[in-house]
Amino acid sequence: MRRVVVNQDATLAYTQHSGTAFRLNLSANSAAAVRGAGGKSVQEEEPTSPEKKPDGGGDVIPWGEDNLFPQAVIKDVEKNTILPSLLEKKTSMMYGGGIVYGIVTGVNKDGSKIFEAQEVPEIEEFMDAANVGLYAMEALLDINYFANAFPELVVSKNRQKIVGISTQEAPWTRYLKPTKGLPTHVVINANWDNGGTATDAYATQVPILDPYYDAVGSLRARTDGFKFIYPISIPSPDKAYYQLASWNAVRRSGWLDVMAAIPEFKKSLFKNQLSVKYLVTIHSAYWEWKYGDWEGLSQDEKVRLINEELTNFDNVMAGTNGAGKTVMSTTILDKRDGKEVEAFKIEAIDDKLKDGLYIEDSGEASSHVYTAVGVPGALMGVSPGKSMGDGAGGGSEPRVLFNNFISTAQFHLDLVLAPLNLIARYNNWTVNGKPVKFRFLNPFVMQAEAKNTPAADPKQQSK
């Protein structure tokens, strides 16, 4: 969703004005915190929020035409041989060395910030209690799968601190359809694909924080609960609520169907093919030449003799026992026309499976998947298809590709860090008067000289 309005009934706690305490009620259009010198309140404008009419019926804004879009994505991913490990690899590379926090002490000439990691007991306790690393991994995975993630913040009972953070499963989360304006709540239900609704016994409604405007000030003003969803997403064109992952194009293009069809076809071919290695053609005159009055034999006798000949051929040519043996062919006189003819002819039958049927198609489909997800095949080590491991043989190409990937993933990283940096501001975490910032520790370990570097340089951390 592009942005979400704070709850209509949000209320700012008691605020001092001219020495008198009073309660200030905020409407959706006045969600800005009270600001200004001398205790003067200032009405501030909020960003424009165009509304998009929700499709479909029901109490929630459907995710996809049948409200089961993420469930369909999961099914397609699970039956693909590349996507699960590829999306996990992408997430792991983004996670890098994990979450660190510290302060910015200056700015380099190139505009990059000088970041110094810190160790603060209160923050360390929060990191351990909230399992921040698990939050980050789950949020990144949801972003990479669905382009949407739903971090949940937990406020203390006295509302002075944020004491917890987690990620609600994106496939289980839907925006509650508002009666007017933009959504103010999400509905979490693990049973959308099993008749789940917004109001059944398995559904939970959680209020939303607006990620586009003064989330800290808005949260301080809220009194409608102790848990809040802070939705994050990768923007995509013309999507008002649920954003669309760019790699989804490979699903709609049909390449995933091609990849699924090839192994099914080959499996059927292996199962049902007639495994014949040789075709032996025997001239009709051969039987008369070898057995005399062939035409005078009974049908059963002819069948028995033919089967014996076939067994003799198999004993000579089949399996490893036939390796290196000599097969002799002779000519006989065809009494019908008096000409010499070959008694029998042996032809080897081509094995289409050994030729790698559809391998090139598989390789092309795989390349579309890698391109759509944005992870080069060289970083995975192998690429299914005719050129197994193509591009992964040397060290320089994967090293450059890895560094390029990390350097262009900054927005995704900042997106997942946004709720943590909100927590730092809300909890007033500072060191030497400087605000604490969260970062992903992403050392460029694939540098050629990395083996001589015992630890990551702070400049290699996410800016």
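Visitor: In this predicted model, leaving aside neighbours within four places in sequence, which residues is Thr167 in contact with?
Guide: The model is a predicted one, and in it Thr167 belongs to strand E7, which covers residues 162–168. Once the neighbours within four places in sequence are set aside, the residues in contact with Thr167 are Tyr135, Glu138, Ala139, Asp142, Phe150 and Pro151.

Visitor: Is Thr167 buried or exposed, and what is its relative accessible area?
Guide: The cut-off for a buried residue is under 20% relative accessible area. Thr167 falls under that limit and is therefore buried, its relative accessible area being 12%.

Visitor: Which backbone oxygen does the side chain of Thr167 reach, and at what distance?
Guide: Tyr135 is one of the residues in contact with Thr167. The side chain of Thr167 reaches the backbone oxygen of Tyr135, and the distance is 3.4 Å.

Visitor: Over how many bridges do E6 and E7 pair, and which residue in E7 stands opposite Phe150?
Guide: Strand E6 spans residues 148–155, and E6 pairs with E7 in the antiparallel sense over six bridges. Within the hairpin of these two strands, which has six residues between them, Arg159 takes a positive phi near 65°. Phe150, which is also in contact with Thr167, stands opposite a residue of E7, namely Gln168.

Visitor: How many of the eight residues of strand E6 are buried?
Guide: Besides its pairing with E7, E6 pairs in the antiparallel sense with strand E11 (residues 227–229) over three bridges, and Val154 stands opposite Lys227 there. Two bridges join E6 to strand E12 (residues 232–233), again antiparallel, with Asn148 opposite Ser233. Strand E6 is mostly covered, and the number of its eight residues that are buried is seven.

Visitor: Which helix gives the largest share of the largest nonpolar core?
Guide: The largest nonpolar core has 80 residues, and those that touch the most other members are Ile99, Ile165, Trp247, Val416, Leu420 and Phe438. The largest share of this core, nine residues, comes from residues 410–426, that is, from helix H12.

Visitor: Leaving aside neighbours within four places in sequence, which residues is Ile165 in contact with?
Guide: Ile165 is among the core residues that touch the most other members, as is Leu420. With neighbours within four places in sequence left aside, Ile165 is in contact with Phe126, Ala130, Val132, Tyr135, Glu152, Leu153, Pro419, Leu420 and Ile423.

Visitor: Why do the buried residues of H9 line one face of the helix, and within what arc do they fall?
Guide: Helix H9 (residues 299–317) has 19 residues and reaches 27 Å from its first C-alpha to its last, close to the 27 Å expected at 1.5 Å a residue. Its buried residues are Lys302, Leu305, Glu309, Phe313 and Met317. An α-helix has 3.6 residues a turn, so residues three or four places apart point the same way. Seen down the axis of H9, the buried residues line one face because they fall within an arc of 100°.

Visitor: Which elements do the buried residues of H9 pack against?
Guide: Two of the buried residues of H9, Phe313 and Met317, are included in a second, separate core of 11 residues, together with Ala285 and Val341. The elements that the buried residues of H9 pack against are strand E13 (278–282), helix H8 (284–291) and strand E16 (344–348).

Definitions and conventions. Residues are numbered from 1 along each chain as its sequence is written. This is a predicted model: local features need pLDDT of at least 70, side-chain atom pairs count only at pLDDT 80 or more; totals for chains, interfaces and linings use all residues. Side-chain values use heavy atoms; hydrogens and water are left out. Helices (H or I, at least four residues) and strands (E, at least two) are DSSP runs, numbered from the N terminus. Buried means under 20% relative accessible area, exposed over 50%, partly exposed in between (1.4 Å probe, protein chains only). A polar contact is a pair of N or O atoms within 3.5 Å; within protein, one must be able to donate a hydrogen and the other to accept it, and residues adjacent in sequence count only if both atoms are side-chain atoms. Contact means heavy atoms within 4.5 Å. Two strands pair if DSSP finds at least two bridges between them. A nonpolar core is a set of buried Ala, Val, Leu, Ile, Met, Phe, Trp, Tyr and Cys residues joined through side-chain atoms within 4.5 Å. The expected span of a helix is 1.5 Å times one less than its number of residues. The arc is that of the directions from the helix axis to the C-beta atoms.
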